[in-house]
Amino acid sequence: MIRPVPKPFNIKSYLKRGSKFGNTPKFFNGRLYHSIKEANYAATLELLKKAGEIKDYTPQYKLRLDVNGVHICNIIVDFLVIGKYGRKELHECKGFPTKDWKIKFKLLQAIYGKAYKYEII
């Protein structure tokens, strides 16, 4: 699957308007993460990758949620982590689950089933 090139992130605008949940953005490895918790988890994943405990990880992983060929919405998960033996896991860094996230997560489970392991960090 070919993914479109994402639009460039406007950091000045983001820092000016702030986060809707009051998170403080943080840079790690040249990438801006939406919260300190998320950036710290990226650092942990980087160490696990260097130690050979995981193969790779992808931040801000986007999944389409389609039902019967109709696109309903997208869910952007904080990290797609590919384990040592190829198992895919979705990791989400959340302080608390919102109503929207709970609905999208239920839809994700209904569509993808147990194809992904899901963890809230």
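Colleague: Which residues make up the largest nonpolar core?
Modeller: In this predicted model, the largest nonpolar core holds 11 residues in all. Nonpolar side chains tend to be buried together in soluble globular proteins. The members of this core are Y61, L63, L65, C73, I75, V77, L80, L90, W101, F105 and L108.

Colleague: Which element gives the most to this core?
Modeller: At least two residues of the core come from each of strand 3 (54-67), strand 4 (70-83) and helix 3 (99-112). Among these elements, the one that gives the most, with 4 residues, is strand 4.

Colleague: How many residues are in the second, separate core?
Modeller: Apart from the core just described, there is a second, separate one, which includes A39, L45, Y57 and C93. The number of residues in this second core is 10.

Colleague: With which residues is C73 in contact, leaving aside its neighbours within four places in sequence?
Modeller: C73 is itself a member of the largest nonpolar core, as are L63 and L65. Once the neighbours within four places in sequence are set aside, the residues in contact with C73 are L63, R64, L65, K104 and L107.

Colleague: R64 also has a charged side chain to account for, so to speak; with which residue does the side chain of R64 meet in a salt bridge?
Modeller: R64 is partly exposed, because its relative accessible area of 41% lies between the 20% and 50% limits. The partner is also partly exposed, with a relative accessible area of 28%. The two side chains meet at 3.3 Å, N to O, and the partner of R64 is D66.

Colleague: What is the N to O distance in the salt bridge of K49 and D56?
Modeller: A search of the whole structure finds 3 salt bridges, and one of them joins the side chains of K49 and D56. K49 counts as partly exposed at 34% relative accessibility, and D56 is likewise partly exposed, at 30%. The N to O distance between these side chains is 3.0 Å.

Colleague: Are E92 and K94 buried or exposed?
Modeller: E92 forms a salt bridge with K94, and the closest N and O atoms are 3.3 Å apart. Buried here means under 20% relative accessible area, and the word that applies to E92 and also to K94 is buried.

Colleague: What distance separates the C-alpha atoms of P25 and E38?
Modeller: P25 is found in the loop between helix 1 (11-17) and strand 1 (26-28), where it is partly exposed, with a relative accessible area of 23%. Along the chain, P25 and E38 are 13 residues apart. The separation of their C-alpha atoms is 8.9 Å.

How values were computed: Residues are numbered from 1 along each chain as its sequence is written. This is a predicted model: local features need pLDDT of at least 70, side-chain atom pairs count only at pLDDT 80 or more; totals for chains, interfaces and linings use all residues. Side-chain values use heavy atoms; hydrogens and water are left out. Buried means under 20% relative accessible area, exposed over 50%, partly exposed in between (1.4 Å probe, protein chains only). A nonpolar core is a set of buried Ala, Val, Leu, Ile, Met, Phe, Trp, Tyr and Cys residues joined through side-chain atoms within 4.5 Å. Contact means heavy atoms within 4.5 Å. A salt bridge is a side-chain nitrogen of Lys or Arg within 4 Å of a carboxyl oxygen of Asp or Glu.
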